Amino acid sequence: MTKLVIVESPTKAKTIRNYLPKEYQVKASMGHVRDLPASASEIPAKVKGEPWARLGVNVEKDFEPLYVVPSSKKKVVAELRKAVKEADELILATDEDREGESIGWHLFQLLKPKVPVKRMVFHEITREAIRKALEETREIDENLVRAQETRRILDRLVGYTVSPLLWKKIAPKLSAGRVQSVAVRLLVQRERERRAFKAGRYWDLKAHLNKRPDRPEHRFEAQLVSVGGVRVATGRDFDEQTGKIPEGKKVLLLDEAQAKALRERLLQGTWQVTGVEERTAKRSPAPPFTTSTLQQEANRKLGMSAKQTMQVAQRLYENGYITYMRTDSVHLSDEAIQAARQRITELYGPEYLHAKPRRYRTKAKGAQEAHEAIRPAGSQMLPTDQLPLSGQERALYDLIWKRTVATQMADARLRFTTVTIQVEDAVFRATGRKVLFPGFFRVYVEGSDDPEAALESQEAPLPPLAVDEEVECRELEAIGHETKPPARYTEATLVKALEAEGIGRPSTYATIIDTILQRGYAFKQRKELVPTFVAFAVTNLLEKHFDRLVDLHFTAEMEQTLDDIAAGEADWLAYLRQFYLGEGGLAQQVKQKEASIDPREVSRVQLEDLPAEIRIGQFGPFLAKEENGQRVTASLPPKLPPADLTPEQVEELLSRKEDGPQLLGTDPESGLPVYLKNGPYGPYVQLGENGETGQNGKKAKKPKRVSLLKGMDPASVDLELALKLLSLPRSLGVHPETGKEVRAGVGRYGPFIVHDGKFVSLKPPDNVLEVTLERALELLAAAPAKGGSKRVLKELGKHPEDDQPVTVMDGRYGPYVKHGRTNASLPKGVSPEEVTLEQALELLAAKKASKGKRTKRARKKS
């Protein structure tokens, strides 16, 4: 009797296969097998003429979704259908959350099995968990499916109804999203706060004191807190909008002169301890990881993006190392608690074990995903060193292991000491901290990737001091300060804010952030997420005309309604009708407001105190200003933070444009003029203009442009240097062994030399404009042989069709995935380390499908 088990990925299939009896066959669906049409080409011919076809949802027929099987999935579906026909029982073992339930339901609807069907769920892939799941199979949960389908329809309705309006009123290719637009608004609001922020300046004193000058451990620091009974002003006393201290606030604001004068006066005085206070405190460990807290800590400690964290966690789960990684729950099973407590006793001793098992309760009402926190799988709680893990997988597993084990460890105990010291009429305060018992600090300290180092940083003890005791001041510093604007969101803090507001669900945060970055609504500056000028324009339009779509409370209510639908407590159809078709529904709002929205108004970004207006055009944001009856415009750099744009920068950008291109001279060969210009990506040189005819009669079809090399000063560029740049790529001569040309040029990845298809990067001190043939031959000889650059970066596993290897390769034009004779380039922004086998198989399938279409077209033509 053959039993067919279907899961989402080949990795998961391979792991589960090890725990099932021989009569079980395991196949992978490669994720979703069908979805709403992604493009017009996927819409079936029989409905293409329908008014709702582009939307993919028949709103007039109870919001009936139009599901299609993408071309890349047709082969997978055909194989699954064949396998179902040969099986005596079908077991749907997709993930246990809403999305997994939905994939299982779609498989059931698409495969139409005529054999018994069971739904099998588990939150970890271990032998015991799989055995138990087989014994406790159930039916597909229609409520979970309906909640996921409603979410998908809502997202489609918002995206496909509002996005076209953005194209018409602001610029092409913009998009709105039910959760995406709210997240963008949070970034924009923070950037507005930073722009409105006015810095305040203040001074204070820091004293370097000794209890005994001959004992280094008796040195400590104290901060000035008051003078003449009046508290000294600190950063928190300033109004962010004015940069000043509000009237009526009784604090002493010191400027530089006052601080230095006070310093000189106090150095002559006697420093005496006037108070010593001690208190003890306990620190308890944080709960085990949920999806949200894992993303936050991985970003803080490991520098991983939310997307990277989820990809690595997915691999750990599918290979049986951790429990399911999409969860809102902080609950730990009895098995996990027992395993953690046993490890603590073995590794740290019984004194580090908490007196009784700690159990955590999930506070969020919408905790609807898996039923347990993210933890190491199984009952062993194996430390990282005992597992065959490396790289990001090792680092993330270690983080999860430490957080889980810490939950069952004893509290840390600390002693805090506060000492006040008086000199004349000034009071200074010193604070100390000593760890009495480290407890869980031995394993895990939030925000630190080294518990031992973090434990040391917790220690900042003061020497033993008594009231009336005199201390020596060895140094007194006058220090100036400037208040700081509100910090921009990082991925970690944005995830935290979204979760706190009830926006989206943790399983969607990685996708939301990735979408914001990919669509050009934000860019990364170090770890900060900086909204673009386009994000400002879109947010302004939505706030003014569709305020509910970007209202935090309204969006959180939508999430709650989806949770209620999943629990069977709300009517999905009634909700969709009210949201989209009801009075004041989205469809009616868009129809009514489309005519009244002025494109000139909404494509303008209003920032105060600037001598020009900012507009969004077809090619991005630009400055515009009327000067002497003429309109002057200039492109804005794509990665300029809106809060940092100053009037001086505006004037400089406009003056560059107004001055126009600088004529450097004439190219003697073509007779065309050579210009030095400035573009959105920096200065460049250009030969001629479109259609311009040179002195020798040559016509410039498309002017040649070359960016200045890194470190070049535009002021130093003359005709000779410009012609050298325009000569790139330049011939260095002929290779003595092959007789083929050797050239030097500049490409996407910087300066290079090339010979017979072999590229070698040029690094300083070699200069692409000066490198000689002899030097080029040396570099070519030292580089790997041709084809050597196509090295294997990562082995992903075997292809489920033929068991042949699937690898990530390093190619001339960037990394790509390879299987047999099929190669597929990695999408922009995806690094080789992030690629999973499932992603590679999808890329390869899509490549094969596109090859098939080209072959068919070629046959038709012939």
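Trainee: Which residues form one aromatic cluster with Tyr348?

Mentor: This is a predicted model, and what follows is computed from its atoms. The structure holds nine aromatic pairs, and one aromatic cluster contains Tyr348. The other members of that cluster are Tyr352 and Phe437.

Trainee: How many residues apart in sequence are the parts that the pair of Phe289 and Tyr444 ties together?

Mentor: Phe289 and Tyr444 form an edge-to-face pair, with 6.5 Å from centre to centre and 80° between the planes. Phe289 lies in the loop between strand 10 (271-283) and helix 8 (291-302), while Tyr444 lies in the loop between strand 12 (426-437) and helix 12 (451-458), so the pair ties together parts whose separation in sequence is 155 residues.

Trainee: Is Phe289 buried or exposed, and what about Tyr444?

Mentor: A residue counts as buried when its relative accessible area is under 20%. By that cut-off, Phe289 and Tyr444 are each classed as buried.

Trainee: What is the angle between the planes of Phe440 and Phe441?

Mentor: Phe440 is buried, and Phe441 is buried as well. Their rings form an aromatic pair with centres 4.9 Å apart, and planes over 60 degrees apart count as edge-to-face. The pair is edge-to-face, with an angle between the planes of 65°.

Trainee: Over the ring of which residue does the charged end of Arg146 sit?

Mentor: There are arginines placed over aromatic rings here, including Arg156, which lies over the face of Tyr160 at 3.9 Å from the ring centre. For Arg146, the charged end is 4.1 Å from the centre of the ring it sits over, and that ring belongs to Trp572.

Trainee: Which strands stand at the edges of the sheet with the order 28-29-30-31?

Mentor: This is an open sheet of four strands with antiparallel pairing. A strand at the edge has a single partner strand, so one side of it is left without a neighbour in the sheet. The strands in that position are strand 28 (792-798) and strand 31 (822-825).

Trainee: Which residue in strand 30 stands opposite Val808?

Mentor: Strand 29 (residues 805-811) and strand 30 (residues 814-819) run antiparallel and are joined by five bridges. Opposite Val808, in strand 30, stands Val817.

Trainee: In strand 17, which residue is the bridge partner of Arg604?

Mentor: Another open sheet of four strands has the order 16-17-18-19, again with antiparallel pairing. Within it, strand 16 pairs with strand 17 (residues 613-617) over two bridges. The bridge partner of Arg604 in strand 17 is Arg615.

Trainee: What is omega for the cis peptide bond that joins Leu728 and Pro729?

Mentor: Pro729 is placed in the loop between helix 21 (719-726) and strand 24 (730-734). The bond joining Leu728 to Pro729 is cis, and its omega is about -5°.

Trainee: What is the relative accessible area of Arg526?

Mentor: Arg526 is found in the loop between strand 14 (522-525) and strand 15 (528-531), and its phi is near 55°, a positive value in a residue other than glycine. Residues count as exposed when their relative accessible area is over 50%. Arg526 is exposed, and its relative accessible area is 67%.

Trainee: What percentage of the residues in the protein is buried?

Mentor: The protein contains 23 helices and 31 strands, and its C-alpha trace spans about 100 × 85 × 70 Å along the principal axes. Among its 862 residues, the share that is buried comes to 50%.

How values were computed
Residues are numbered from 1 along each chain as its sequence is written. This is a predicted model: local features need pLDDT of at least 70, side-chain atom pairs count only at pLDDT 80 or more; totals for chains, interfaces and linings use all residues. Side-chain values use heavy atoms; hydrogens and water are left out. Rings of Phe, Tyr and Trp (its six-membered ring) pair if their centres lie within 6.5 Å; planes under 30 degrees apart count as stacked, over 60 as edge-to-face and the rest as tilted. Buried means under 20% relative accessible area, exposed over 50%, partly exposed in between (1.4 Å probe, protein chains only). A charge sits over a ring if NZ of Lys or CZ of Arg is within 6 Å of the ring centre and within 35 degrees of the ring normal. Two strands pair if DSSP finds at least two bridges between them.
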